[in-house]
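Please walk me through this structure as a tutor would, taking one kind of feature at a time.

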Amino acid sequence: MHGERKLQSCIPRHQALALVLLALVLLDSPRGTSAQFETEPLIPKGPPGLTLRVPPLQTVNEEEVLRVTVRVEGARGSPRVFVDGLPPGARWDEPSRTLTFQPDFIQGGGRHEVTFTATDGRATARERMTIAVRDIVRPPEPRILQREELPGTLRLTLEQPTDTWLDSPGHAGRTFPAVVSVPLAASAGHSMPVTVRLHGVGEWPPTAQASPDRFVIEPSDPHLTYWWGYSESLPRGPVLEGAVPPYTARRVLALLEWVLRNYPGADPERVFVEGDSMGGAGALALGLLDARHFAGVFARHAQPVARAHRPWRLAQLSSLWGMPEKEEVPDAGGLGVWSRLDLTRALRDEPGARSQFLFLEHGKDDPIIHFGAVVGRSALTGTSFYEMLQSQHIGHVAVWDEGGHVEADPWLGTRWWDRGWNPRTDARTFLRRDSAFPAFSRSSWDGDPGSSGNGRQPWRNDSGYAGDPKVPGDTGWDGDVAGMLNRALRWDTRRLVDTHRRFVLPLRAVLGPGVTDTPVVDVTPRRVQRFRCLPGEPIRWSFGKASGTVTAASDGSVTVPGLRLGADWTPLVLERERT
């Protein structure tokens, strides 16, 4: 205490005041997983006059739209306004200085502290705003029917009652089965990831499995709605008389909300959705259209374009959704269900979908979800799913081989591509909803998936050019029989730096024995938390000895083309021309 008094007596009053202000600014700096290892440089507060006009508290109901525009006064030149702490699903449009947020029905009861920072290069102003979401949509809670202990796991069998939010008015009140596996070691201080697992046709009930290292949510879709929904007029009226709300998707999200609310050890930043066949299509739809809730999507044998299903499936889904050529009743977003579930459109049009990470597996001799699902062009967008992944710079790894719908590749076997790397759990490249990752595209290491026939098989409407999955080399699809997009490309999230001024993320390629050719790839940071850019903003980049300037796209994303990745970690560095 005596030393502190002596130090204070030796410092002039104006310097002591400056130190106090510095301490307050540092204490007020936003913290998070994506602004690691660097702090923002301190910009002086003076001269007085730079002011942010931000309302202190905004309240919004679930499913309603909140728009808040902030004003900057007293700035010199054109100030930048950065925002931190956005709720999942919220959007910040810096040119108009407008925050837009439409919370969905599982975001009620939350409070979000949003920080706005304005700077003109000479002075800064920082203000906070609280967003409170009213919980007004309250579907029935699931009921626990049975508890079963497995190694390290509590397995819960549930029934999920419905109301008119989770079901059509004519069906409301019925129940659906579900299973939730709870890892016994999870706690608020030791959180674990959550996997939402969607079954395929004929794959319910699920086999009991221990899950000591993650939560697993297994809902059911007994009516084969492809994890979306059905006409609100069912069962009493014609399908075409009503809209097609996503009743089934809502039931899945309601189960997720129940788990996150009742188990503090379930990590909301590490929720993944996975599935095979119908479950794969549902995983893509949920993961892209409700991307705010998921850190990654893992889909096998998935059809990403609803109109491209084989004829028998089109007829079955038409009994729930109406005919694909007669989308007479649009949803709240102005789209019919068939267009809504064309996921090439989602990647093109929806910012949330473009921020998602996808892991895809398909078979060229799959007669049920044939390979045209990913290489055939959508009638709506004129682009295939693989093409849209590349052109929109989506984070993805895609695998294909000569396997069938359930059969492994006859030459390569099961999971031939797997070398132990899993972006859900890898110690370096782990995925989180609140952390940036690199979307790789146009890698020189990519295989050639092809797009049409090679003459070995005739075209069939139900199975495309598929051959016999037990016969090697007989597939009728052209291109490489087996291959990958974005194979062996890695990033190190532990060394991520994501601040208002600077973004740093180390990258490398995994070179096998004897491999000397290194890949050239385009890199687009996705899920950036703080290094948000204006459309058309020039951004300086460096990667080892290479450097240059790129321009941010119309959505603010930044793509650095033609980076050559080596075997050693090399940081990709992005910096603003000015702030």
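What follows is a dialogue on how to read some features of this structure.

Q: What should a reader know about the model and its numbering before starting?
A: This is a predicted model, in which local features need pLDDT of at least 70 and side-chain atom pairs count only at pLDDT 80 or more, while totals for chains, interfaces and linings use all residues. Residues are numbered from 1 along each chain as its sequence is written, and side-chain values use heavy atoms, with hydrogens and water left out.

Q: How are strands put together into a sheet, and in what order do the four strands of the open sheet come?
A: Strands of a sheet pair through backbone hydrogen bonds, either parallel or antiparallel. Helices (H or I, at least four residues) and strands (E, at least two) are DSSP runs numbered from the N terminus, and two strands pair if DSSP finds at least two bridges between them. Here four strands form an open sheet with mixed pairing, in the order β2-β9-β8-β5. The edges are β2 (57–61) and β5 (80–84), each with a single partner strand, so one side of each is left without a neighbour in the sheet. From one strand to the next, the twist averages 25 degrees, where axes are lines fitted to C-alpha atoms (for helices over the stretch in contact) and angles run from 0 to 180 degrees between N-to-C directions.

Q: How many bridges join β8 to β9?
A: Strands β8 (residues 111–119) and β9 (residues 124–134) run antiparallel and are joined by nine bridges; Thr117, for instance, has Arg126 in β9 as its bridge partner.

Q: Is strand β18 mostly covered or uncovered?
A: Buried means under 20% relative accessible area, exposed over 50%, and partly exposed in between, using a 1.4 Å probe and protein chains only. Strand β18 (residues 395–401) is mostly covered, since seven of its seven residues are buried. Gly395, Val397, Val399 and Asp401 point one way from β18, whereas His396, Ala398 and Trp400 point the other way.

Q: Which strands pair with β18?
A: Strand β17 (residues 357–363) pairs with β18 in the parallel sense over seven bridges, and within this pairing Leu360 stands opposite Ala398. Strand β20 (residues 483–485) runs antiparallel to β18, with three bridges joining them, and the bridge partner of Trp400 in β20 is Gly483.

Q: How is an aromatic pair recognised, and how many are there?
A: Rings of Phe, Tyr and Trp (its six-membered ring) pair if their centres lie within 6.5 Å; planes under 30 degrees apart count as stacked, over 60 as edge-to-face and the rest as tilted. By this rule the count comes to 22 aromatic pairs. One of them is the tilted pair of Tyr230 and Tyr247, at 5.0 Å centre to centre with 40 degrees between the planes. Tyr230 lies in the loop between β14 (215–218) and α3 (247–262) and Tyr247 in helix α3, so the pair ties together parts that are 17 residues apart in sequence. Both Tyr230 and Tyr247 are buried. Another pair, Trp459 and Tyr465, is edge-to-face, at 5.1 Å centre to centre and 65 degrees between the planes; Trp459 counts as partly exposed at 42% relative accessibility, whereas Tyr465 is buried at 17%. Ring pairs also link Phe371, Tyr386, Trp400, Trp459, Tyr465 and Trp477 into a cluster.

Q: Which charged residues lie over the face of a ring?
A: A charge sits over a ring if NZ of Lys or CZ of Arg is within 6 Å of the ring centre and within 35 degrees of the ring normal. Examples include Arg424, which lies over the face of Phe272 at 5.9 Å from the ring centre, and Arg487, which lies over the face of Trp445 at 4.7 Å from the ring centre.

Q: What surrounds a single residue such as Thr98?
A: Contact means heavy atoms within 4.5 Å. Leaving aside neighbours within four places in sequence, Thr98 is in contact with Arg67, Val68, Thr69, Arg91, Trp92 and Asp93. Thr98 is found in strand β7 (residues 98–101) and, at 12% relative accessibility, counts as buried.

Q: Where does Gly536 lie, and which residues is it in contact with?
A: Gly536 lies in the loop between β24 (520–526) and β25 (538–543), and at 43% relative accessibility it counts as partly exposed. Apart from neighbours within four places in sequence, Gly536 is in contact with Thr551, Ala552 and Ala553.
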